[in-house]
Amino acid sequence: MSFEHAYAATPRSLTSLHESGVSPGVASQYFYLDDLGPLEVRGEPRVGRLLLTHGAGAGQTSPFMQRLRESLALHGVQVWAIDFAYMQRIWHEERRRPPPRVERLVDELAVWRDALIPLADDTPSSLWLGGKSMGGRVASLLAARDQAAGLALFGYPFHPPGKPERTRLAHWPNLTCPTWVLQGTRDPFGGESEVREYALPATAHVHFLDDGDHDWQPRRRAGHDQAALIKEAARVVAAAMQASERIR
């Protein structure tokens with residue numbers, strides 16, 4: 001059963017819809033939360049848990065998000081993947097639509113977080129927040145508002161492409177949790193030369209992915225591919241989560 005097929009299932013709150021093998025050692029389980037939508041839980045929490053959101057134009061079914069979830073799970077991060085309501089409507093209506101205002105998405109993510117915390121076996125502080133691009137921005141805004149155990153931001157949109165003066169960092173001084181940004185060196189939303197000039201909080205760490213663009217696609221001459229950068233990012237996040245658990 002794939003993530004999108006969960007949309008066709010009969011809504012049953014916190015009831016398992018299906019369990020299937022993804023790859024050796026990585027299993028996915030699908031749930032449907034009333035009033036919220038489908039949830040995929042992938043992997044075992046050997047080093048931690050991550051509530052993962054998606055970018056503005058593609059949901060959890062995109063190849064990038066699928067590969068990222070699998071790689072994280074292989075490195076011991078249990079991934080709880082969700083689609084925002086507007087993306088669920090895209091699936092149901094088969095029609096593109098833009099995301100709502102970011103403030104609305106922050107509130108929506110907070111509802112998801114509050115609904116999922118009781119499912120954790122341990123304390124709520126072990127649940128990290130994160131996301132791809134816009135989803136990472138939403139997660140960071142929620143962490144700045146309510147705090148979080150940690151943040152994993154995959155291709156953070158530091159500014160709109162071509163508009164470096166419009167930075168999206170006003171809330172970053174309020175981030176007190178471990179914050180890890182996995183950023184392509186050629187990302188048009190904030191490349192290495194720009195990001196190194198930002199005055200980020202002491203809790204923030206940026207790991208640059210060699211020659212990656214916003215989707216971590218390197219040029220052929222780089223000598224590696226997107227899959228290698230996804231694996232590298234997963235290793236970094238897993239190590240950060242493990243280190244955070246040791247000192248908590």
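**Exercise 1.** Work out whether Tyr-198 is buried or exposed.

*Solution.* Tyr-198 has 18% relative accessibility, so it counts as buried (buried is under 20% relative accessible area, exposed over 50%, partly exposed in between, with a 1.4 Å probe and protein chains only). A word on the setup: this is a predicted model, where local features need pLDDT of at least 70, side-chain atom pairs count only at pLDDT 80 or more, and totals for chains, interfaces and linings use all residues. Residues are numbered from 1 along each chain as its sequence is written, and side-chain values use heavy atoms, leaving out hydrogens and water.

**Exercise 2.** Classify the pair Phe-158 and Trp-172, then place both residues.

*Solution.* Start with the geometry: the ring centres are 5.9 Å apart and the planes sit at 45°, so Phe-158 and Trp-172 make a tilted pair (rings of Phe, Tyr and Trp, its six-membered ring, pair with centres within 6.5 Å; planes under 30 degrees apart are stacked, over 60 edge-to-face, the rest tilted). Next, location: both Phe-158 and Trp-172 are in the loop between strand S7 (151–154) and strand S8 (179–184), 14 residues apart. Finally, burial: Phe-158 is buried at 0% relative accessibility, and Trp-172 is buried at 1%.

**Exercise 3.** Do likewise for Phe-158 and Tyr-198, and find their cluster.

*Solution.* With centres 5.4 Å apart and planes at 35°, the Phe-158 and Tyr-198 pair is tilted. Tyr-198 lies in the loop between helix H5 (192–195) and strand S9 (204–209), and Phe-158 in the loop between S7 and S8, so the pair ties together parts 40 residues apart in sequence (helices, H or I, at least four residues, and strands, E, at least two, are DSSP runs numbered from the N terminus). One aromatic cluster holds Tyr-156, Phe-158, Trp-172 and Tyr-198.
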